[in-house]
Amino acid sequence: MADPTQDSVQQFRHLIWQIMVEVGKPNLVDYFSILKKIDPQGIRRRLKSHFGDTFELFGRLIDERLELRRSGKSGAENDVIDILLNISEENGEINRTHIEHLCLDIFAAGTDTTSSSVEWAMAELLRTPETLQKAKAELEQTIGKGKPIEESDIPRLPYLQAIVKETMRIHPPVPLLIPRTVETDVEVYGYTVPQGAQVLVNAWAIGHDPSVWANPTSFMPERFLDSDIDIRGRDFELIPFGAGRRICPGLSLAIRVVPLMLGSLINSFDWKLESGIKPEELDMDDKFGITVQKAQPLRIVPLPV
């Protein structure tokens, strides 16, 4: 019998990726507003369908949680949906529509980018076994082999943090960041960017610029060990989350969750590539939406440490 929870997870992943693909496509409507009603590429039409299916999925989850509450079986989950329902019931400041849209913001923006970053990091580590061994050695010395990692341990793991930075340099979660709109005419290096123009910042190109980074296509976490460059938007050489007042609001969560997940995977298991694939044969091609994922999902086998 099929697991309905697993089916929902697969459906959610599919919907979120379809949304990312459509949002990431160049849309003629953005440049020729007269075409808005026509929607010549069908992007708006497909997005409406995907968003509708996503809200329907969240609606089913909320209905299930409400049914548990009515039957007196609630309390074990105590997750985001439970907390939002508590707020709704206590003071009515938010309603069901608010909860559905908030879930979309949290999970659509957070799950795809986070899982993709961890997947790219694991792929790079398995392609460079010596780097993986250095990471495992640091974890074993600092935490203890096979022991669980806490968020408070992350500052004591500089090499793990360097791996995360290097992953986001080579594989920024949102390669063109989120489009910006110019509020007033501004001159940049002799070019006038007019008011109302849409600006795309190519974080991927910055991270691969040979004038900024030595051997930019090589995965070398060591480059960050003696460097003050950070990913919090203060150093324009590395801005996977953007910068300024419009920096990604998920930055604080990502810099905690990604190294915690990655470190836990490295320290809890040994890993090998599926079907005897050699590290140098690992497929590192990507597929492009507003985010960039591996074209071929990483398939690896965990081994007990």
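Me: Why is Asp-39 called buried in this structure?

Reply: In this predicted model, Asp-39 has a relative accessible area of 8%, and because buried means under 20%, Asp-39 counts as buried.

Me: What makes the pair of Asp-39 and Arg-45 a salt bridge?

Reply: The closest N and O atoms of Asp-39 and Arg-45 are 3.8 Å apart, and since the cut-off asks for a side-chain nitrogen of Lys or Arg within 4 Å of a carboxyl oxygen of Asp or Glu, the pair forms a salt bridge. As for the partner, Arg-45 has 54% relative accessibility, and because exposed means over 50%, Arg-45 counts as exposed.

Me: How do you know that Glu-22 and Arg-46 meet in a salt bridge, and where in the chain are the two residues?

Reply: Their side chains come to 2.9 Å, N to O, which is to be set against the limit of 4 Å, and the pair therefore qualifies as a salt bridge. Glu-22 is in helix α1 and Arg-46 in helix α2, 24 residues apart, and the pair is one that links distant parts of the chain.

Me: Is Glu-22 buried or exposed, and what is Arg-46 called?

Reply: Glu-22 has a relative accessible area of 4%, and because the limit for buried is under 20%, Glu-22 is buried. Arg-46 has a relative accessible area of 29%, a value that lies between the limits of 20% and 50%, so Arg-46 is called partly exposed.

Me: What makes Lys-165 and Asp-230 a salt bridge, and which parts of the chain does the pair link?

Reply: The side chains of Lys-165 and Asp-230 meet at 4.0 Å, N to O, and because the definition accepts a nitrogen and an oxygen within 4 Å, the pair is given as a salt bridge. Lys-165 belongs to helix α6, while Asp-230 is in the loop between α7 and α8, 65 residues apart. Both residues of the pair, Lys-165 and Asp-230, are buried. Elsewhere, Arg-65, Arg-69, Asp-79, Asp-82 and Glu-89 are joined into one network by salt bridges that share partners, and a search of the whole structure finds 22 salt bridges.

Me: Why is Thr-114 called buried, and which residues does Thr-114 touch?

Reply: Thr-114 is in helix α4, which covers residues 96-127. Its relative accessibility is 17%, and because buried means under 20%, Thr-114 counts as buried. Not counting residues up to four places away in sequence, Thr-114 touches Val-257, Val-258 and Met-261.

Me: What makes up the largest nonpolar core?

Reply: The largest nonpolar core has 40 residues, and those with the most contacts inside it are Met-122, Leu-125, Ile-163, Leu-262, Ile-266 and Leu-298. At least two residues of this core come from each of α4, α5, α6, α8 and β5 (269-273). Leaving aside neighbours within four places in sequence, Ile-266 is in contact with residues including Met-122, Leu-125, Leu-132 and Trp-271. A second, separate core has 18 residues, among them Phe-12, Met-20, Leu-57 and Leu-85. In soluble globular proteins, nonpolar side chains tend to be buried together.

Me: Why is Tyr-31 called partly exposed, and which residues form a nonpolar patch with Tyr-31?

Reply: Tyr-31 has 49% relative accessibility, and because exposed requires over 50% and buried under 20%, Tyr-31 counts as partly exposed. The residue is in the loop between α1 (4-24) and α2 (43-70). Tyr-31 forms a nonpolar patch on the surface with Leu-28, Phe-32, Ile-34 and Leu-200, and together they have about 550 Å² of accessible area.

Me: How do you know that Ser-152 is exposed, and where is Ser-152?

Reply: The relative accessibility of Ser-152 is 58%, and because exposed means over 50%, Ser-152 counts as exposed. Ser-152 is in the loop between α5 (129-142) and α6 (158-170).

Me: What does UniProt place at Cys-248, and why is Cys-248 called partly exposed?

Reply: An unreviewed UniProt entry places the feature "binding site" at Cys-248. Cys-248 is found in the loop between α7 (203-207) and α8 (251-268). Its relative accessibility is 32%, which falls between the limits of 20% and 50%, so Cys-248 counts as partly exposed.

How values were computed: Residues numbered from 1 in each chain as written. Predicted model: local features only at pLDDT ≥ 70, side-chain atom pairs only at ≥ 80, totals over all residues. Heavy atoms only, no water. Helix = DSSP H or I, 4+ residues; strand = E, 2+ residues; numbered from the N terminus. Buried < 20%, exposed > 50% of the residue type's maximum accessible area, 1.4 Å probe, protein only. UniProt positions renumbered as here; feature names shortened; annotations may be inferred. Contact = heavy atoms within 4.5 Å. Core = buried A, V, L, I, M, F, W, Y, C linked by side-chain atoms within 4.5 Å. Patch = residues over 30% accessible without salt bridge, like charges linked within 9 Å, V, L, I, M, F, W, Y side chains within 5 Å. Areas by Shrake-Rupley, 256 points an atom, 1.4 Å probe, with all protein chains shown as cover.
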